[in-house]
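Reader: I would like a close look at how one part of this protein is packed, with the geometric criteria stated as you go. Please begin with the handedness of a crossing and work outwards from there.

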Amino acid sequence: MGSTGEGFGRRDLIKRSAALGLISVPTMSFLSACASGGEDTTKGPDKGAVSKENPFGVAKGGKMDVVVFKGGFGDDYAKAWEAAFDKKWGTTSSHLGTQEITGKLQTRFNGGNPPDVVDNSGAQKIKLDVLFKSNQLADLTPVLDAPSLDDPSKKVRDTLIAGTIEQGTQGGKFVSLNYVYTVYGFWYSGKLFKEKGWTPPKTWDEFLAVCAKAKEAGLGGLAHQGKYPYYINVVIMDLIAKKGGLEAMKAIDNLEPNAFEGNAAALAAVEAVYEVVEKDLLLPGTNGLTHTESQTAWNQYKAAFIPSGSWLENEQLKQTPDDFDMQFLPVPVLADSKLPFEAIRAGAGEPFIVPEKAANKPGGLEFIRSMLSREWSTIFAQQANSLTVVRDGVDPGVKLRPGTQSAVTALKAAGTNTFNYLYTDWYSEMDTAIQDASNELMAKRIQPKEWIKRAQAAVNKAAQDPNAKNNRRS
Amino acid sequence: MSQVVRGRGRTGFIAGFLLAPLALYLTFVIWPYVQTFGYSFTNWTGQSPTFDFVGVDNYSALMKDEVFRGALWNNLLLLVFVPAVTILLALFFAFMVNAGGRGGAGGVQGVAGSRFYKIVYFFPQVLSLAILAVLFGAVYRTDEGGLLNGVLIRLGIVDRMHPIEWLNEPRLVLWCLLLVVVWHGVGFYLVLFSAAMQSVPKDIYEAALLDGAGRAQTFFRVTLPLLWDSVQTSAVYLGIAAMDMFVLVSTMTSGQFGGGPDHHSEVMATVLMRNFLYFGKSGYACAMGVVMLVLTMILSVITLRATRRERIEF
């Protein structure tokens with residue numbers, strides 16, 4: 001087959017794509033890339049004098065080429081950043097906000113004229129490990145060791161929330177900055193709760209009680225994005241982690257034989273979620289709704305709670321009534337839980353990279369450093385209604401939307417009590433199998449014990465994955 | 001002598017025109033198939049340029065894969081029902097629109113308003129499958145906001161608190177999808193059959209009419225035999241569509257690339273795509289692709305053979 005070389009060359013790209021008859025799409029962008037390329041590659045990289053304020057040597061009056069994924073966060077924040085960058089460095093930025101990262105960039109990476117900064121996200125992101133193995137990613141460690149823009153006596157690495165560097169590291173190198181800090185849990189309307197006189201629950205029993213009250217009032221208790229069981233899995237898994245502690249979470253990520261079966265915390269968690277189904281506290285029809293449909297129903301006060309990550313507020317911006325007062329709620333705890341109610345699942349996402357062959361690599365690095373300043377972090381929080389990995393990265397004087405503000409508060413309350421699952425990234429097949437089981441559970445077609453059985457079977461199957469040897473956490 | 005030279009020149013001329021398309025066909029149609037076949041014997045992940053040869057492992061794993069077998073079964077079900085239901089309905093409507101009327105004495109014509117029906121029937125064909133998925137997503141919506149549920153709840157047939165979760169019901173999901181395909185296809189085949197019917201000389205119908213043939217007799221003794229070629233072609237086309245179904249299933253049902261709930265609406269193409277793009281088992285997915293290709297080819301041959309009849313000249 002002649003494709004055992006190191007690189008992921010043009011020939012291979014075409015051959016691969018052709019394998020499933022998908023030839024037309026890659027070739028089209030391929031041709032257009034050839035037509036427009038060439039101009040940048042003839043010029044050497046711009047380089048200015050290195051100084052304390054300019055640690056990477058950005059050339060004044062250079063060019064910046066920024067490509068961002070235009071998804072749930074939009075791309076207004078990036079435009080604001082570019083304007084700030086151009087103002088400071090006298091550069092001219094070209095901006096591209098797109099959902100087709102692979103389509104637009106794969107040929108540019110292959111042609112050796114990639115952009116200077118890329119937000120490599122969304123369904124069509126380029127797989128990071130592939131880019132890394134083909135030496136396409138610049139090492140961002142110099143950014144971590146550069147002085148912070150807010151406080152030059154500090155290094156950038158000391159201003160980041162824990163876990164950011166680990167998450168962006170491939171083969172011992174820090175190559176991607178996962179910029180958006182996401183917290184997961186339940187969400188409710190502050191206005192609705194005030195009107196009805198409900199208090200946000202801290203234990204699962206209280207949670208069920210509020211759901212029951214909602215049902216009495218003619219609403220649904222819990223809405224969930226039934227067509228995508230990913231969301232209800234957040235609830236199940238968070239309950240397991242809180243009840244059984246971090247050990248229970250790691251047992252799942254590490255594919256242990258008793259991750260679910262014989263794990264009392266897991267059974268208790270699944271039974272707790274099933275209680276919502278059994279007591280008929282779900283929003284009618286929610287099991288088959290898409291994420292937008294169910295979230296919109298929740299925005300229309302048809303249900304008390306919905307599970308989601310902190311992108312929810314921005315995603316629902318247009319559907320949310322002005323006085324809705326969106327509020328975050330950590331997943332309530334079961335009796336005898338090892339983690340406190342305040343503990344939340346939190347993780348960094350939205351990886352930004354600087355290509356190794358970027359024409360203006362110093363500019364790219366400086367751009368990343370600027371992103372980690374409080375000024376840019378605040379811009380992001382305001383424009384994209386989400387948190388960043390910069391510790392206390394939002395100006396206290398700035399007014400955030402209620403949901404984002406409540407997430408900031410919850411994150412402060414959680415302190416070091418944050419946790420995050422990794423199996424979803426490591427074992428897609430296992431993740432999908434567990435999602436299928438959850439869908440059956442919510443539709444009352446299987447019982448909690450059967451769910452446990454199926455989840456454990458998925459774990460056991462994943463344990464045979466060749467990656468299982470490398471993917472371990474402690 | 002000169003005859004030979006001229007002949008050669010002509011051959012070269014024609015070959016020149018044939019070579020380029022042939023080369024394109026070989027490169028972009030045949031070569032990918034060959035490649036897929038090659039990849040189906042490897043453990044290629046789709047994300048790395050390196051892979052190992054694993055022999056027929058993928059194929060033997062495929063035999064044991066319950067999800068794929070379920071998908072194959074669903075494809076076969078659709079293969080029976082999609083062409084049968086679509087063609088029967090299309091034939092019925094086409095006959096009614098073209099020759100079902102009994103208005104004037106001796107005249108062969110469609111039922112009243114048949115021109116209007118023809119246009120309306122063709123409408124669904126204009127819509128792309130993506131729009132269709134959105135449209136029927138609203139029809140099958142699982143809460144009372146869905147068209148079907150809304151109507152049924154109004155009529156008091158369905159409990160407001162427990163609406164029918166159409167596409168989330170293992171027993172219903174495949175039939176719901178079947179309905180969409182049939183709804184989409186009938187109009188096109190109606191127009192196709194109409195055109196075929198109109199090319200049938202009117203005097204044959206008039207003769208049948210004079211001999212006292214009823215609608216049913218006219219249809220089965222005259223129309224259907226004369227339309228057999230079109231019906232046969234339609235069966236092959238619809239059969240191929242039933243073997244695919246990817247767009248509808250992947251957009252309308254739950255799961256990564258559709259197939260939910262719990263694999264009850266799975267078709268081979270959705271299992272293939274999930275393995276290819278999501279599970280990183282591209283070699284395995286290529287094996288599925290080869291199986292699909294072989295099945296579709298067998299299917300076409302069988303359909304054409306089984307439906308072969310003596311041609312009627314008119």
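Author: Helix 7 and helix 9 of chain B cross in a right-handed sense, a crossing being left-handed if the near helix is turned anticlockwise from the far one by less than a right angle, and right-handed if clockwise. This is a predicted model, in which local features need pLDDT of at least 70 and side-chain atom pairs count only at pLDDT 80 or more, while totals for chains, interfaces and linings use all residues. Residues are numbered from 1 along each chain as its sequence is written, chains are lettered from A and ligands numbered from 1 in the order in which they are written, and side-chain values use heavy atoms, with hydrogens and water left out.

The axes of helix 7 and helix 9 of chain B come within 10 Å and cross at roughly 150°, where axes are lines fitted to C-alpha atoms, for helices over the stretch in contact, and angles run from 0 to 180 degrees between N-to-C directions. That angle makes helix 7 of chain B roughly antiparallel to helix 9 of chain B, since angles under 35 degrees count as roughly parallel, over 145 as roughly antiparallel, 65 to 115 as roughly perpendicular and the rest as oblique. Helices here are DSSP runs of H or I with at least four residues, strands are runs of E with at least two, and both are numbered from the N terminus. On the side of helix 7 of chain B, the contact (heavy atoms within 4.5 Å) involves B:Tyr189, B:Leu192, B:Phe193, B:Ala196 and B:Met197, and these meet residues of helix 9 of chain B that include B:Thr223, B:Leu227, B:Val231 and B:Tyr237.

Helix 7 (residues 173-198) of chain B also packs with helix 5 (residues 129-139) of chain B, at an angle of about 130° and with the axes 11 Å apart. Helix 5 of chain B is therefore oblique to helix 7 of chain B, and the crossing of these two helices is right-handed. Here B:Leu129, B:Leu132, B:Leu135 and B:Phe136 of helix 5 of chain B meet B:Val180, B:Trp183 and B:His184 of helix 7 of chain B.

Beyond helix 9 of chain B, the backbone deserves attention. B:Met245 lies in the loop between helix 9 (215-244) and helix 10 of chain B, and has a positive phi of about 65° although it is not a glycine. Most residues other than glycine have a negative phi, and most peptide bonds are trans. At 7% relative accessibility B:Met245 counts as buried, the cut-offs being under 20% relative accessible area for buried, over 50% for exposed and partly exposed in between, with a 1.4 Å probe and protein chains only. In the loop between helix 10 (246-252) and helix 11 (268-278) of chain B sits B:Pro261, which is joined to B:Gly260 by a cis peptide bond with omega about -5°.

Chain A offers a backbone feature of this kind as well: A:Leu255, in the loop between helix 10 (230-253) and helix 11 (264-278) of chain A, has a phi near 55°, a positive value in a residue other than glycine. A:Leu255 is buried, with a relative accessible area of 9%.

For helix packing in chain A, one may take helix 3 (residues 76-89) and helix 14 (residues 361-371), which pack at an angle of about 115° with their axes 11 Å apart. The contact brings A:Trp81, A:Glu82, A:Phe85 and A:Trp89 of helix 3 of chain A against residues of helix 14 of chain A, among them A:Glu366 and A:Phe367. Helix 3 of chain A passes helix 14 of chain A in a right-handed crossing.

Several of these side chains recur in an aromatic cluster whose members include A:Trp81, A:Phe85, A:Trp89, A:Phe367, A:Trp376 and A:Phe380. Rings of Phe, Tyr and Trp (its six-membered ring) pair if their centres lie within 6.5 Å, planes under 30 degrees apart counting as stacked, over 60 as edge-to-face and the rest as tilted. By this rule the count comes to 52 aromatic pairs over all chains. The rings of A:Phe367 and A:Trp376 have their centres 5.0 Å apart and their planes at 75°, so this pair is edge-to-face, and both residues are buried.
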